[in-house]
Every structure is written in structure tokens, then in C-alpha cells.
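Me: I would like to learn how to read burial along a helix. Please take me through one case.

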Amino acid sequence: MTRWFIYCSVVVLLAVAGGCSSGKQAVTAGQERAAAVGRDSGEAVALPADTGQIRPYEPISPQAYWLYVEGIIREEVGRLDSAALFYRYAWQYFPESYEIGYSLARVLYRLGEPKLTIDVADRTFPKTAELWELAAAAYYELRNNDSVMIAYHHVVQLDPNNATAFNFLAGTYRLRGQLDSAAWAYSNLARLVPENFRPLQELGRIEQQRGRPESAREAYLRSVALDSSRANVPSMAGLGEIYGELGQPDTARYYYLKALQADPSNELVHMLLVSHYIEQDSLPAALTYSERLAQLAPDNTYAKRRLGLLYLDLDSLAQADSVFTALIESGDRTWFNYSYLGEIDLRDEQYASAVENFTNAAERNDTIPGIWLNLGLAYRKLDRTDDAVVTYRRGLESIKDPKARSALFFALAVAYEQSNQVDPATAAFEALLKVDPDNAQALNYLGYMLADRSLRLDYARDLIARAVAQEPRNAAYLDSYGWVYYRLGDYDRAVEYLSQAVTLGSDPIIFDHLGDAYHAAGDRESARQWWQRALELQPENEAIREKLSR
């Protein structure tokens, strides 16, 4: 830069400072700053960034003024190092000057000196919105997000219309999971940029997370009204979720389909539609979107697993098998896939294969009760009771949840009973009832097992009575209660409870029991009537046929 240019610039600045310039003369930002510093005290000027604060003009010593002017000249021509030096000299003469302090901090920031910027900003007064915003930028360069947040909070206190500050606060609060504060920041951001749909989109998401569906719906609706293109699919999908939660499935489906129309290849929307149709018990429709999702996302193992489960639920066992087998062959050897293959085998009565798959599942995760229960069932179907017993006991060693342990104890007891091991079965049932004394199913099973074998009949009656007290209209429990009275020789009570049972269920065993009770009570005609009804349901039952032939 030539000396002549510098000289001319100084003359212009002096003219502005002295009030000699024409009202129509254009001045630079630097000239305005120099004028503000050079005016006599007693007048007032609005602070930068339209904060609404008023401060007096700053009186200044000639030395500080000339040094400040030199700093302006050098800053405007890009000589930032030199500008910083002159601003610093000026500040030494006049450390009370906001204009000089702010100018020095700003140049230091432009020079890539965030620590020095913060040091100067800390010593500059008054604290204006633009000064806090500069400090926030410097703290951001230092990756000091807590200080950035503090600085931007000062900014919005002084300047409630600062979109930059609200944008940073909103995003940071959201990342930190501080949802109340994030909602406040996004609400303000939506106010400041009413033509932009994205703050409303984010506000809707946050309100959903806060459990405020009505507020979320309002934000999403305003967002979709501004933009219903592919860019705003999250708002449409969010509306679908909210209307689903509010029990309005038709409206939910409308917004899901609207989102899919805007972005036909959107995986998330396909997943939401699959879940929507499953909740509505429309499995064929769910399958349609699940198949499309599997095509759109061939590497999405979750989508493939969901597809396999839908095939399983729809009894399309071959397709389900192919999905889970393909997942395992591709390297996804998680317990889920082996367990589902085992369930398919059970339905197909391929019990040896079921044993293999459930064993693989148990090796990968021994904390899932269903794996042990199903593995034991597969062994029982193969008449391998000893292996079933070992399986249930291994499950009990691995499972800590009381409810799951009750299910395993029950299965263990049944396995013993079905192999006619009454004492171990009784011990298993009693172990279950020790930790779960109101388990009606166990009370009834143990009571009936003993009654049917004419063992400990008073104890059996008391057990069944406790089950009936819980479920007085349970046909199976009433049958057991009638049968224990039959074994006790109280045939009138046996007929009473068995007659109640037959009104609640059509079971050949109950009909047979009632026939036996009537026969023992001396009513042969009623006995034959109920035995005949039992035989109609079990024509292969030779024992009933023999009773009728008497």
C-alpha cells in the first residue's frame, strides 16, 4: 500500500471524527469505528448487533486515536498482524475502549489465535451480543463446548433474535440428550426462520422423545405444511407414529404412505409400515412391505429376520427356513436365527434337526428361557426324557428370572410325570410352588397327578382347591376338582364339579370322568350318555368302548 493511500485514508477518518464530512459522503465500516472512538463524551450510540443497549461515546487520547486509526487502515488492506499490533498499542493507552478491545479481539480471531481472542474479550466492556458471539466462535475453535454454550446463552439474552446462537444451542442440547432445553432452542429457531421446515422437524422429534405427542404433532404438521418433499420425510413418518400412538391407524397409514410416495426407497418408512400392519394384525400387508424392504436393503439383517418371522407367522415354513438359513450362511450366526430354525423344525416335526438348532442357539446364548424349553420339548418328542431332564436342569442353572425359572421347573416336572417318575415330578412341582405359591397351573397339575394315582388325596384336593379359587370357571381345574372327589369317594361332589366343567369345555376326558362319577353314584343312564359323548370325540378309545359294553 502506498504512503499516499494511507495519507488519504487518515484525512478521511479525521474528517469524520471532526464532524466535517458531508451528510451524503459514503464512509467505510472502519471509518465509522474511528469516528465512534474519536467523538467527545456526553453523546450516546447503540451497541452493535442491535442489542438495544446504549452506551456513551468514548473520549480518547490522541495517541490511542492515531494508533487505532493505523490499526483500521492495516486491517482494511489485509495486514492483520500489523493491525493487531496497532490495536494493542491503542488499547494500552485507552484500555476502557470497547471499540478498540472488540477490534483487537476480532483481528486476533481472524489470525487464528482463539486463546488470545478470549483473553481480550474477557477484558473488554461492556459485554455486548457481538462480543459474546466472537467469544463463542473462539471457544468453538478450542473445542470447549461448555464455554461455547455459556457464551451463546449470553448472546440470546442480549439478542433474542440471533438465529446462529439458537442453532448451536439447539443442536448441542439435542446431542447431549437435554430434551427440555433442546425444545426451547428449536422453538426459538423456528420462530426466527419461519420459512424453514427443519427446526420444526427437529422440534417434533424432540417432543416425541419427551412423550408429548400433541406438541410433536403440531410441530410436524407445521413442518409438512412448509415442505412435503423427500427432504421432510421424517416429519411425515413422525406423524404416522404419533397418530398410531393416538389410536388413529387410518391417519397413521395416510402419513406413512405419503412419506413413501415422497421417497419410495426409504428403508425406515418401509420398516414403520411393516410394524404398523403387524399392529393392525394385517400380516399379508406387512409381508408385502417386508419383502420390498429386503430388496431395498439386502445387507440389512434385521429386515431379513423380520421377513423370516412374518413367513413363520403366516405358516410359510419353507420361505422362513430359506431366510434364516441364508442369514446363517452369510455369517450371521446369532442365536436368533438358530432358534427360529428350531421353531420351524418343531412345526415340521423334524425333531432331530430341532435339537441341533436349539443346541446351537443355547451355545450362543444360554440366558433365553425359550431356547431351553424348546430344546427340552424336542427331546421329549423324540422320547429322550433323560436328555429333556438334563436340558431343563441346565436351563435352571443359567436362568435367574423367577418367572422363567417357574416355566422351567414346570417343564421339568411334566417331563418326570410323563415318564411316570412321580417322586421327582412332585419334588419339581413343590420346588416351583415354594417360590411361586400361587401358580394355579402347577397347583392343578400336581393335584391331578396325585389324584389320578390315588396318592395323598387330601393334599391333592387342597392343591386343586387353591387353583379353582383363582380361576373358578376353568374347565380343566374343575375337572381335576371333581376327579379328586371321585377318588375320595365323594361321588355327589364329583358329579357337581364335573357337571360344571362340561358346561365350560368340550373335552372327552371330562366327559369320561363325568360318566365314571355318575356310574359310581348309581346313575347308569347318565353315565352311558356321557361315555357315549366321550367316544364320539375319541372313537379309538377302547377303554370307553369297554365301559359302554357292560
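Me: Which residues of helix 7 are buried?
Reply: Buried means under 20% relative accessible area, exposed over 50%, partly exposed in between (1.4 Å probe, protein chains only). In helix 7 the buried residues are Ala129, Glu130, Leu131, Trp132, Leu134, Ala135, Ala136, Ala137, Ala138 and Tyr139. This is a predicted model: local features need pLDDT of at least 70, side-chain atom pairs count only at pLDDT 80 or more, and totals for chains, interfaces and linings use all residues. Residues are numbered from 1 along each chain as its sequence is written, and side-chain values use heavy atoms, leaving out hydrogens and water.

Me: Why is helix 7 called largely enclosed by the rest of the structure?
Reply: Helices (H or I, at least four residues) and strands (E, at least two) are DSSP runs, numbered from the N terminus. In helix 7, 10 of the 13 residues are buried, so the rest of the structure largely encloses it.

Me: What covers the buried residues of helix 7?
Reply: Contact means heavy atoms within 4.5 Å. The cover includes helix 5 (98-110), helix 6 (114-122) and helix 8 (145-158).

Me: What span should helix 7 have?
Reply: Take 1.5 Å times one less than the number of residues. For helix 7 (residues 129-141) that gives 18 Å; the end C-alpha atoms are 19 Å apart, which agrees. Just after helix 7, arginine 143 has a positive phi of about 60 degrees.

Me: Is aspartate 512 buried or exposed?
Reply: Aspartate 512 is buried, at 15% relative accessible area. It sits in helix 29 (residues 508-521). Leaving aside residues up to four places away in sequence, aspartate 512 touches Trp531, Ala534, Ile544 and Lys547.
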